[in-house]
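User: Could you take a close look at one part of this model for me, and then show me how the rest of the fold is arranged around it? A connected walk-through would suit me best.

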Amino acid sequence: HVSPRWASATPVALDRNPGDLHDSDPERRRKAYAEAKVSIFEAVQRIGLPPPIEVDVLRSCVLPGTAKPIKYPRFPVDAQRPQRVLVHVRLVFAQPVQGPVLLGAGRFHGLGLCLPIDSRVANDIEVSQ
């Protein structure tokens, strides 16, 4: 698929801990979300895609029929290794990008799968190519 807009179907395991996304202190929570966005931004570029023009990090579901990150088992499952923070994401690129889009530390384990969310545009681009 080709689309300028993508959303995670399975949560993304962040490459580094951004801090507590549930922190009761609004400033610490804001900083944690900002760090999570940086982590996603870097993860996108790490897989060879252009930098997104918009990154949303969410603790809830993005796509209908998907589960909240808290419903997923810890990653990695080995209790001896540091647990990764799981989040859902929405990405917008200046130009349509070719999928599949797999992001984050769990991308080889079923996490971080992103689907195109602007299917009308994605289908129009696929037909015209």
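User: Where is Ser39 found, and is Ser39 buried or exposed?

Analyst: Happy to help. Ser39 is found in helix α1, which covers residues 26-46. Please keep in mind that this is a predicted model. Ser39 has a relative accessible area of 3%, and because buried means under 20%, Ser39 counts as buried. If you set aside the neighbours within four places in sequence, Ser39 is in contact with Leu14, Asp15 and Arg16.

The helix that holds Ser39 also has a part in the largest nonpolar core. This core has 22 residues, and among them Ile40, Val89, Leu91 and Leu103 touch the most other members. At least two residues of the core come from each of α1, β3 (54-58) and β4 (86-98). The element that gives the most is α1, with six residues.

Leu91 is a good residue to click on next. Not counting residues up to four places away in sequence, Leu91 touches Pro4, Arg5, Trp6, Ile40, Val44, Glu54, Val55 and Leu103. Ile40 and Leu103 in that list are, like Leu91, among the core residues that touch the most other members.

From here we can follow the strands, beginning with β4. Strand β1 (residues 2-8) pairs with β4 in the antiparallel sense, over five bridges. In this pairing, Arg5 stands opposite Val92 of β4. Five bridges also link β3 and β4, again antiparallel, and here Asp56 has Arg90 in β4 as its bridge partner. Strand β2 (12-13) is joined to β4 by two bridges and runs antiparallel to β4. Ala13 has Leu86 of β4 as its bridge partner.

β1 has a further pairing, with strand β6 (residues 113-116), which is antiparallel over three bridges. There, Trp6 is partnered by Pro116 of β6. β6 in turn is joined by two bridges to strand β5 (residues 101-102), and the two run antiparallel. Val101 stands opposite Cys114 in β6. As a general point for looking at these strands, side chains in a regular strand alternate between the two faces of the sheet.

Now to the loops, where several prolines deserve a look. Pro11 has its place in the loop between β1 and β2. Its relative accessible area is 0%, so Pro11 is buried. Leaving aside neighbours within four places in sequence, Pro11 is in contact with Pro69, Tyr72, Leu86, Val87, His88, Leu111 and Gly112. Among these contacts, Leu86 is also the bridge partner of Ala13.

Pro73 makes a contrast with Pro11. Pro73 lies in the loop between β3 and β4, and at 58% relative accessibility Pro73 counts as exposed, whereas Pro11 is buried. The C-alpha atoms of Pro73 and Pro4 are separated by 30 Å, with their positions 69 residues apart along the chain. The loop between β3 and β4 also holds Pro76, and a cis peptide bond joins Phe75 to Pro76, with omega at about -5 degrees.

There is a cis peptide bond from Gly99 to Pro100 too, with omega near 5 degrees. Pro100 is found in the loop between β4 and β5. Pro100 and Pro11 are 89 residues apart along the chain, and their C-alpha atoms are separated by 15 Å.

One more loop leads back towards the helix. Gly19 is placed in the loop between β2 and α1, and its 34% relative accessibility makes Gly19 partly exposed. The C-alpha atoms of Gly19 and Tyr33, 14 residues apart along the chain, are separated by 8.1 Å.

Last, the largest pocket. Rolling a probe the size of a water molecule over the atoms shows where empty space is left. The largest pocket has a volume of about 320 Å³. Its lining consists of 16 residues, and His22, Pro69, Ile70, Val85 and Leu86 lie nearest the centre. By type, the lining residues divide into eight nonpolar, three polar and five charged. Two of the names near the centre, Pro69 and Leu86, are already familiar as contacts of Pro11. That links the pocket lining to the buried proline in the loop between β1 and β2.

Methods. Residues are numbered from 1 along each chain as its sequence is written. This is a predicted model: local features need pLDDT of at least 70, side-chain atom pairs count only at pLDDT 80 or more; totals for chains, interfaces and linings use all residues. Side-chain values use heavy atoms; hydrogens and water are left out. Helices (H or I, at least four residues) and strands (E, at least two) are DSSP runs, numbered from the N terminus. Buried means under 20% relative accessible area, exposed over 50%, partly exposed in between (1.4 Å probe, protein chains only). Contact means heavy atoms within 4.5 Å. A nonpolar core is a set of buried Ala, Val, Leu, Ile, Met, Phe, Trp, Tyr and Cys residues joined through side-chain atoms within 4.5 Å. On a 1 Å grid over the protein atoms alone, a cavity is a set of points where a 1.4 Å probe fits but cannot get out, and a pocket is an open set with protein on both sides within 12 Å along at least five of seven lines; lining residues have an atom within 4 Å of a point. Grid points are joined across faces, edges and corners, and a volume is the space filled by probe spheres set on the points. Ala, Val, Leu, Ile, Met, Phe, Trp, Tyr, Cys and Pro count as nonpolar, Asp, Glu, Lys and Arg as charged, and the others, Gly among them, as polar. Two strands pair if DSSP finds at least two bridges between them.
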